[in-house]
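Q: Could you take me through one part of this model in some detail? I'd like to look closely at the open sheet, and then see how it sits in the rest of the chain.

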Amino acid sequence: MVDLKKIICIAVIILTTGPSHAQKKANEQVSFRDTALLAGNRTSKVCIKNLVVTGTKRTRIYVVYREIHFKPGDSLLITDLYRELEQARFQVYNTTLFNEVQFELVAIDADQVNIHVQVMERWYLYPVPQFQLVARNFNEWYKTFNASLSRVNYGVKLVHYNLSGRRDQLRVYLINGYTRNISFSYNNPYSNATLNQGFFVGAGYSQNREMQYKTDSSNMILLFKKDNFTRNRLYTNAGYVIRKGLFRRHTIALNYIHEKVDDSIIHVKYNPNYFNDPVSSKDIFDITYTQQYANVNNISYPLTGKITSFSIQKRGLGLTGGLNMLTLEASYNKYFGMGKNWYSSISLNGQIKLPFEQAYINQRGLGYGENYLRGLEFYVIDGVVTALVKSTLKKKIIAFNIPFPFLPKIIKKIPFTIYAKTYADMGYAYNKKTFYSQLNNRFLYSGGFGLDILTLYDINLRLEYSFNQLSENGLFLHNQSGF
């Protein structure tokens, strides 16, 4: 027979002492008060009497409630209270609307508790001067282009991350310099009364003085350049999002691009396969469906949890020829907390494009965005079938705060957390023999070690010393920002 009294005593001890020392260090934003009152509980469950959110100024309070999976009147197991509050705090923080999110549970008596949620909003409006490098990444700009200041863009970026208080984002870009870009986008994730549907729209016009027209046999990008602009692009997009639960999201997106390139690009001297047609301009239509599952402690820098996604894209209105393409892509990312500030992760990504005979602008494989092997940043490996595996082992080595007294209502302190890590990556990119280079159709691998430096607004500076299968090594710098 189960000893109910013994179970309750154990539960009270757990609540009174709180999480383990390792858990406290990982998350100090969940607390408990007066838990000794629960000692008389005879059901091992407590009822939430009140759930109160404070600290919101611009944010609509129902946006916070939408991310919390329990409500007043719900009953929770005593032994699950810390986990339930921690999960709710993660979800509220992952809206990226707040610098701090704190949950406090207060026991009223043996059967009832109040939950108080305290948030500190971020600064949402950013009219930011822009100074952008014209390169795929900092490493390419520094090494390949000798850190040339002529290869920069300048202008202004106006972003509001919470325009109406419903987590809706408005972005306006006015960029000049080596390239030109005028664009806007608006994203409203909570556009209906039940907060489970959203939409986004955007449009823009860009001009480039030089453009990527081909990848050579050594996996380096070849650039076409003239005194005037060599590529002009007009685009518009729109999408519809469904998110009925907390973790799963369905997105349908439509995209239209009109792209015109210099007539020389499609000449046999450069790349007649650029559009897969003997024309210098194209109207490109895309329709994409994406399903994503995300349940992690921090969407910008996950340490625990899981993210998976699947997408299918149809490009072009026909079935064959020109730019017509069907793309299937899937990814799986798992993050493990190993205790004592140790963490590990595994990331898998695969993509296939049909048919295999594709125009050059449809062949982008590894080496673009975040889809690269660490240590092969200087290379691009085009392909119609790609696979990528990334594994990382890291340890938090230090965390500290620097007081910031200048804007106490917005930022009281600037946090810093530093992780030491080691990693190993593997990849493969298949392309038809007509197009492949030295790194196509072969097993790719790399590895290394480094530091991740995290600070305010999810800014992540990554310093990585990597090695690859070409017997090359070097220091690489990456950065990611939450604004």
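A: Here is a walk through the open sheet, followed by a second set of strands and the chain as a whole.

Keep in mind that this is a predicted model. The mean pLDDT of the chain is 88, with 92% of its residues at 70 or more. The weak spot is residues 1-27, where pLDDT stays under 50. The model does have 34 contacts beyond four places in sequence for that stretch, but where pLDDT is low, the predicted coordinates should not be read in detail.

Now to the sheet. Five strands make it up, in the order 1-4-5-2-3, and the pairing is mixed. At the edges you'll find strand 1 (30-33) and strand 3 (75-77); each has a single partner strand, so one side of each has no neighbour in the sheet. Going from one strand to the next, the twist averages 35°.

Zoom in on the edge at strand 1. This strand pairs with strand 4 (residues 98-107) in the parallel sense, over four bridges. If you want a spot to click on, try Ser-31, whose bridge partner in strand 4 is Glu-104.

Next, bring in helix 4 (residues 81-93). Helix 4 lies across strand 1, strand 2 (45-54), strand 3, strand 4 and strand 5 (112-121). Relative to strand 4, helix 4 runs at about 155°.

For another bit of strand pairing, jump along the chain to strand 19 (residues 385-407). Strand 19 runs antiparallel to strand 18 (residues 342-354), and 11 bridges join the two. Trp-342 has Lys-395 in strand 19 as its bridge partner. Strand 19 also pairs with strand 20 (residues 411-430), again in the antiparallel sense, over 19 bridges. A hairpin of three residues links strand 19 to strand 20, and Asn-401 stands opposite Pro-415 in strand 20.

Step back to the whole chain and you have five helices and 23 strands. The C-alpha trace spans about 85 × 50 × 50 Å along its principal axes. The radius of gyration is 26 Å, which agrees with the value near 23 Å for a compact globule of 483 residues. Buried residues make up 46% of the chain. Of the contacts between residues at least 6 apart in sequence, 59% join residues at least 24 apart. As for the surface, the chain exposes about 23900 Å², and carbon and sulfur atoms supply 60% of that.

How values were computed: Residues are numbered from 1 along each chain as its sequence is written. This is a predicted model: local features need pLDDT of at least 70, side-chain atom pairs count only at pLDDT 80 or more; totals for chains, interfaces and linings use all residues. Side-chain values use heavy atoms; hydrogens and water are left out. pLDDT is the predictor's confidence in each residue, from 0 to 100. Contact means heavy atoms within 4.5 Å. Two strands pair if DSSP finds at least two bridges between them. The radius of gyration is taken over C-alpha atoms; the globule rule is 2.2 Å times the number of residues to the power 0.38. Buried means under 20% relative accessible area, exposed over 50%, partly exposed in between (1.4 Å probe, protein chains only). Accessible areas come from the Shrake-Rupley method with a 1.4 Å probe; for residues, only the protein chains shown count as cover. Axes are lines fitted to C-alpha atoms, for helices over the stretch in contact, and angles run from 0 to 180 degrees between N-to-C directions.
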